[in-house]
Amino acid sequence: MWNSNFYQFFILIVTFGCIASACNDDDDQPNPPAQQSYPVTFRYHETTDKEFRMWTAGAEVSTVGLNLEDFMEPEDYLSLHESNYLNAEFTLTTDTIIISDETSSESRAYYFKNDSLYLEINDFFGYNFFATGDLNGLVYAQGYVGYCWTSQGGQFSSCNMQLRLYSHDLESALEEFNLNSVSDIGESDTLLIFNQKHIFKPL
């Protein structure tokens, strides 16, 4: 199986990202990358631009000293951890991307357009955004948002979490949960955002 949850995460986030943001029209014409030397293999280089923010009772609170893991389901935290990507590789031929680690691989059609990489999901969904960049480097972004609410009296609480292939800001996070402003975040409720970018460099 793939390293940790990398394969399952890849399939789920690209597919459901397609549902949430609407896949590309078949009329979109890809932009051929300037470099034409194939195959090109990308390997994990580093994780950057980590950002952890939180709001409760209608106001932002400091996350200094807080442990992100304490505010996520264990499987969500593991899917975000950079250790999932240490052995991951993306190999591009002229028309296929091969996503692999030390034990398994998955091949899909792809194209570049406007400095973005799009992967084929299936015949029904078509293609969906996967990463930014070109043959000189790829940036695989993750934006995690969560909203937890508690009933009056504290007898019941529930959380809704979403993971996207783009960074979230406050506006997009509120939109995920149909909130108009931070004043809609209840006294016992919590909204959180965690962003990061995985950088892949060609070998």
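1. I would start in the sheet, where tyrosine 118 has phenylalanine 129 in β7 as its bridge partner. The pairing around this point is antiparallel, with six bridges between β6 and β7, and the two strands are connected by a hairpin of three residues. Please keep in mind throughout that this is a predicted model, so that the remarks below concern computed geometry.

2. On its other pairing, strand β6 (residues 116–122) is joined to strand β5 (residues 105–113) by four bridges, again in the antiparallel sense. Lysine 113 stands opposite serine 116 of β6, and the hairpin of β5 and β6 has two residues between its strands. Asparagine 114 adopts a positive phi near 50° in that hairpin, a detail that deserves a mention in any description of the turn.

3. Strand β6 is mostly covered, since five of its seven residues count as buried. As a general background to such a count, side chains in a regular strand alternate between the two faces of the sheet.

4. Glycine 126 belongs to strand β7 (residues 126–134). Its relative accessible area is 12%, and because the cut-off for a buried residue is under 20%, glycine 126 counts as buried. Leaving aside residues up to four places away in sequence, glycine 126 touches Leu119, Glu120 and Ile121.

5. The structure holds one disulfide, which joins cysteine 148 to cysteine 159 with an S to S distance of 2.0 Å. The link is right-handed, with 115° about the S-S bond. Cysteine 148 lies in strand β8 (residues 137–150) and cysteine 159 in strand β9 (residues 157–164), so the disulfide ties together parts that are eleven residues apart in sequence. As for its surroundings, cysteine 159 is partly exposed, at 46% relative accessibility.

6. For the chain as a whole, the secondary structure amounts to three helices and ten strands, and from the N terminus on the order of the elements is α-β-β-α-β-β-β-β-β-β-β-α-β. Of the 203 residues, 41% count as buried, while the accessible surface comes to about 10,800 Å², with 47% of that area belonging to carbon and sulfur atoms. Among contacts between residues at least 6 apart in sequence, 64% join residues at least 24 apart.

Methods. Residues numbered from 1 in each chain as written. Predicted model: local features only at pLDDT ≥ 70, side-chain atom pairs only at ≥ 80, totals over all residues. Heavy atoms only, no water. Disulfide = S-S within 2.5 Å. Buried < 20%, exposed > 50% of the residue type's maximum accessible area, 1.4 Å probe, protein only. Contact = heavy atoms within 4.5 Å. Areas by Shrake-Rupley, 256 points an atom, 1.4 Å probe, with all protein chains shown as cover. Pairing = 2+ DSSP bridges.
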